[in-house]
Amino acid sequence: SGFVLLCAGLVLFAVSSVDAFDTHSLSLESDQGQYAQAGDTPIFDIGGDFTIETWAKWESTDSLQMGMLTKWHPETNNRSYALRWYDENGVKKLGVMVSENGADFGGHSVTFNPTIGNWYHIAVSYRANTGEAKFYINGIETAPDFSFGSRGNLHSGDGEVRAGAFDLDVVADTFDGLLDEVRLWNTVRTATEISAHTNTELLGSE
């Protein structure tokens, strides 16, 4: 078990690093620009609906922005989707960003100020035909408190998928802490499905 990235029930890559919850997680140091990356393959071209899930433990909250799971390459207009944590004028937030054409983008966010050293289960779903996003923190649905630029289907692009990074031109945009059980689904997972598997280690054959 440990760090797994899933899409439609397939394990795309797995990394074992340090112990967490008696399993393994990916330990990332923001000041060293650490992250995990999977190369561009068609399976990452979600196109429409998706759900991103991860367990996360912050080791600092001083950064202005930390990528969590992204296929987001602004330098080449290759934006697709991104889950990030960021600071907006002193307000800590989780945000999901989507782009239909790789250049223009929209997003949704929810206020979230994590306690350093605590584990949190983070999930966000996106429904392409309505542009609706839902956030779940430790299995509890939290409605977005800010939205802009509603979008539909997603740009596929040819950029890599990264766990723990947002914009590689900014080293400080990498995650500082631990990520575990990172899951990318090409469906809108329901609250019941998310809650039922929050504490389940998936194998990739589900």
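Leaving aside its neighbours within four places in sequence, which residues is T198 in contact with? With contact taken as heavy atoms within 4.5 Å, the partners turn out to be W55 and H121. The model is a predicted one, so local features need pLDDT of at least 70 and side-chain atom pairs count only at pLDDT 80 or more, while totals for chains, interfaces and linings use all residues. Residues are numbered from 1 along each chain as its sequence is written, and side-chain values use heavy atoms, with hydrogens and water left out.

T198 sits in the segment after α1 (191–196); helices (H or I, at least four residues) and strands (E, at least two) are DSSP runs, numbered from the N terminus. At a relative accessible area of 9%, T198 is buried, meaning under 20% (exposed is over 50%, partly exposed in between; 1.4 Å probe, protein chains only). A polar atom of its side chain lies 2.7 Å from the backbone oxygen of I194.

Zooming out, the protein chain has one helix and 15 strands, and 53% of its 206 residues count as buried. Among contacts with a separation of 6 or more, 69% are between residues 24 or more positions apart.

Strand β9 (residues 106–111) is largely enclosed by the rest of the structure, because five of its six residues are buried. Strands pair if DSSP finds at least two bridges between them. Six bridges join β9 to strand β8 (residues 91–98), antiparallel, with M97 opposite G107. Three more link β9 to β13 (residues 146–148), also antiparallel, and here G107 stands opposite F148.

Note on methods:
Polar contact = N/O pair within 3.5 Å; in protein donor to acceptor, adjacent residues only side chain to side chain.
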